[in-house]
Amino acid sequence: MNALLKATPFWRPDDQERAALLRHLLAELPIGHVLWPRQDSLSVEARDGDRIIVRSDDAAHPIALVHMSWAGRPPMASFLPETETYPTDAALLAALIEGQT
């Protein structure tokens, strides 16, 4: 993953920060969110400010880009925090480069 991210503003945090980011993400996930059923398999791979890249055991879309709200609690809408899922690392990278988002 690190080599793929060189063309983006993302970086891989150290283990302690990745664990803290995961705890914060889990605190923000409402029932019905696309990542809710995958809570036990989530791992934070990278971040750039308010966004994190998360890996899960979802065979169809194992990688996700999550726009954190930093509220520390689940939002009122099940689609928040805003999340896009991707079938491969390459698909995520293409979307990041295309949108430079």
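From the N terminus on, the elements of the protein follow the order α-β-β-β-β-α. In this predicted model, the protein therefore contains 2 helices and 4 strands. The strands are described below in terms of their pairing, their cover and a few of their residues.

The overall dimensions were computed for the protein as a whole. Taken along the principal axes, the box filled by the C-alpha atoms is roughly 35 × 30 × 25 Å. For a compact globule of 101 residues, a radius of gyration near 13 Å would be expected, and the protein has 13 Å, so the two values agree. Of the 101 residues, 37% count as buried. The exposed surface of the protein is about 5600 Å², and 56% of it is supplied by carbon and sulfur atoms. Among the side chains, 9 are positive and 14 are negative. The centres of these two sets lie 4 Å apart. Contacts were also sorted by separation along the chain. Among those between residues at least 6 apart in sequence, 56% join residues at least 24 apart.

The pairing of the strands begins with E1 and E2. Strand E1 comprises residues 43-48, and strand E2 comprises residues 51-55. The two run antiparallel and are joined by 5 bridges. They form a hairpin with 2 residues between the strands. In the turn of this hairpin, Gly-49 has a positive phi of about 70°. Two facing pairs illustrate how E1 and E2 are matched. Ser-43 has Arg-55 as its bridge partner in E2, and Val-44 stands opposite Val-54 in E2. E1 is mostly covered, since 5 of its 6 residues are buried. E2 is largely enclosed by the rest of the structure, because 4 of its 5 residues are buried.

Strand E2 is also paired with strand E3, which covers residues 63-67. E2 and E3 run antiparallel and share 5 bridges. Within this pairing, Ile-53 is matched with Leu-65 in E3, and Val-54 has Ala-64 as its bridge partner in E3. Val-54 thus appears in two pairings, opposite Val-44 and with Ala-64. E3 is mostly covered, with 4 of its 5 residues buried.

Strand E3 pairs in turn with strand E4, which consists of residues 83-86. The sense of this pairing is antiparallel, and it extends over 4 bridges. Ile-63 stands opposite Tyr-86 in E4.

Three residues were examined individually. Glu-45 is found in strand E1. With a relative accessible area of 10%, Glu-45 falls under the 20% limit and is therefore buried. The C-alpha atoms of Glu-45 and Ala-64 are 9.8 Å apart in space, while the two residues are 19 residues apart in sequence.

Glu-82 is placed in the loop between E3 and E4. Its relative accessible area is 43%, so Glu-82 is partly exposed. This value lies between the limits of 20% and 50% that bound the partly exposed class. When residues up to four places away in sequence are not counted, Glu-82 touches Leu-65, Val-66 and His-67. Glu-82 and Arg-51 are 31 residues apart in sequence, with their C-alpha atoms 9.7 Å apart in space.

Thr-83 is found in strand E4. The relative accessible area of Thr-83 is 19%, and this residue is therefore buried. Leaving aside neighbours within four places in sequence, Thr-83 is in contact with His-33, Val-34, Leu-35, Ala-64, Leu-65 and Val-66. Leu-65, listed here, is the bridge partner of Ile-53, and Ala-64 is the bridge partner of Val-54. The C-alpha atoms of Thr-83 and Val-54 are separated by 9.9 Å, and the two residues are 29 residues apart along the chain.

Definitions and conventions. Residues are numbered from 1 along each chain as its sequence is written. This is a predicted model: local features need pLDDT of at least 70, side-chain atom pairs count only at pLDDT 80 or more; totals for chains, interfaces and linings use all residues. Side-chain values use heavy atoms; hydrogens and water are left out. The radius of gyration is taken over C-alpha atoms; the globule rule is 2.2 Å times the number of residues to the power 0.38. Buried means under 20% relative accessible area, exposed over 50%, partly exposed in between (1.4 Å probe, protein chains only). Contact means heavy atoms within 4.5 Å. Accessible areas come from the Shrake-Rupley method with a 1.4 Å probe; for residues, only the protein chains shown count as cover. Lys and Arg count as positive and Asp and Glu as negative; His and the chain ends are not counted. The place of a charge is taken as NZ of Lys, CZ of Arg, CG of Asp or CD of Glu. Two strands pair if DSSP finds at least two bridges between them.
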